[in-house]
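This report is for a reader who meets the structure for the first time. It goes through surface charge, cysteines, salt bridges, backbone geometry and a few separations.

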Amino acid sequence: MYTITDLLDLSKTIAADLFKDKIYPWEALADISNFIIKLGNTLPEDEYEKRGENVWIARDAKIFPSAYIGSPCIIDHGAEVRHCAFIRSSAIVGKNAVVGNSTELKNVVLFDGVQTPHYNYVGDSILGYKAHMGAGSITSNVKSDKTLVVIKNGDELIPTGRKKVGAILGDNVEIGCNSVLNPGTVLGRRASVYPTSCVRGVVPEDGIYKSKDDIVIRK
């Protein structure tokens, strides 16, 4: 339940080749920046405008004047980057995705149709097709003791080898308002999280996270 194939539909992102020859989605985090630069330089100029160094924005994307877009970055067709959004660096924003007011992105891939619409922080994370983060929900990407992040599912431990790993959201995941996804959280396809939750570890496909001791499977 942790692999790219288990979690993500690669036909729903401009970044499909980023995941090539990888097993787990978090393995792509180290390559996002270089991938953006490589891909950006191949994008057709009639569809994507290059703004500054290594920033490519689809000509039909909507970018609010107050948004900050750092390098490198690709914003795909139909995406909307709203008031005071802060795209710090190394971000791929998919087709028709929403980066909302006061939302911050850093080293992330948002697949097509993703919504991070209100006061979200998303760092060192992969958000699958049509994943949605409720207002105020965030990814925590560094452990308090600064040790390397490990993916935990009961007694099973999968080392990532990285100090910074936020969350991996499978396709169509729903995160409730004001929830915190702790470092190394993985949510299977169509999983959902109750508002104000503090999530750690793995939530299975179609799982409904009510609390750490109350996860049920949607029927």
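A patch, as the word is used here, is made of residues with over 30% relative accessible area and no salt bridge, and like charges are joined within 9 Å. Asp and Glu count as negative. The model is predicted.

**Surface charge**

On the surface, a patch of negative charge brings together E45, D46, E47 and D60. One of these residues, D46, sits in the loop that runs between α2 (32-40) and β1 (48-50). Is D46 buried or exposed? D46 has a relative accessible area of 61%, so this residue is exposed.

**Cysteines**

A disulfide is a covalent bond between the sulfur atoms of two cysteines. How many disulfides does a search of the whole structure find? The search gives zero. C73 takes part in no disulfide, and the nearest cysteine sulfur, that of C84, lies 17 Å away. Why is there no bond for C84? The closest cysteine sulfur to that of C84 is in C73, and 17 Å is too far for a bond. The cut-off for a disulfide is a pair of cysteine sulfur atoms within 2.5 Å.

The surroundings of the two cysteines can be described in terms of accessibility. C73 has 0% relative accessibility and therefore counts as buried. C84 has 35% relative accessibility and counts as partly exposed.

**Salt bridges**

Side chains of opposite charge can pair when their charged atoms come close. For a salt bridge, the cut-off is a side-chain nitrogen of Lys or Arg within 4 Å of a carboxyl oxygen of Asp or Glu. By this rule the structure has eleven salt bridges. The table gives three, including the N to O distance for each pair.

| Salt bridge | N to O distance |
|---|---|
| E49 and R51 | 3.3 Å |
| E80 and R82 | 2.8 Å |
| R189 and D171 | 3.1 Å |

In the pair of E49 and R51, E49 counts as partly exposed at 31% relative accessibility. R51 is also partly exposed, with a relative accessible area of 38%. In the pair of E80 and R82, E80 has a relative accessible area of 22% and is partly exposed. R82 counts as partly exposed at 26% relative accessibility.

The side chains of R189 and D171 form the other salt bridge in the table, at 3.1 Å from N to O. Which parts of the chain does this pair link? R189 lies in the loop between β19 (185-187) and β20 (192-193), and D171 lies in the loop between β16 (167-169) and β17 (174-175), so that distant parts of the chain, 18 residues apart, are linked. R189 and D171 are both buried. Elsewhere, K106, D124 and R162 are joined into one network by salt bridges that share partners.

**Backbone geometry**

The next points concern peptide bonds and backbone angles. S71 and P72 are joined by a cis peptide bond, with omega about -5°. P72 has its place in the loop between β4 (68-69) and β5 (73-75).

Which value does phi of N54 have? It is near 60°, which is positive in a residue other than glycine. N54 is located in the loop between β1 and β2 (55-58). With 13% relative accessibility, N54 counts as buried.

Y119, a residue other than glycine, also has a positive phi, near 55°. Its location is the loop between β10 (115-118) and β11 (121-127). Y119 counts as exposed, because its relative accessibility is 52%.

**Separations in sequence and in space**

Two pairs of residues show how positions along the chain relate to positions in space. I168 belongs to strand β16 and counts as buried, at 1% relative accessibility. How many residues apart in sequence are I168 and D155? They are 13 residues apart in sequence, and their C-alpha atoms are 19 Å apart in space.

K146 lies in the loop between β13 (138-139) and β14 (150-153). K146 is partly exposed, and its relative accessible area is 48%. From K146 to E174 there are 28 residues in sequence and 28 Å in space, C-alpha to C-alpha.

Conventions. Residues are numbered from 1 along each chain as its sequence is written. This is a predicted model: local features need pLDDT of at least 70, side-chain atom pairs count only at pLDDT 80 or more; totals for chains, interfaces and linings use all residues. Side-chain values use heavy atoms; hydrogens and water are left out. Patches are made of residues with over 30% relative accessible area and no salt bridge: like charges are joined within 9 Å, nonpolar side chains (Val, Leu, Ile, Met, Phe, Trp, Tyr) within 5 Å. Accessible areas come from the Shrake-Rupley method with a 1.4 Å probe; for residues, only the protein chains shown count as cover. The place of a charge is taken as NZ of Lys, CZ of Arg, CG of Asp or CD of Glu. Helices (H or I, at least four residues) and strands (E, at least two) are DSSP runs, numbered from the N terminus. Buried means under 20% relative accessible area, exposed over 50%, partly exposed in between (1.4 Å probe, protein chains only).
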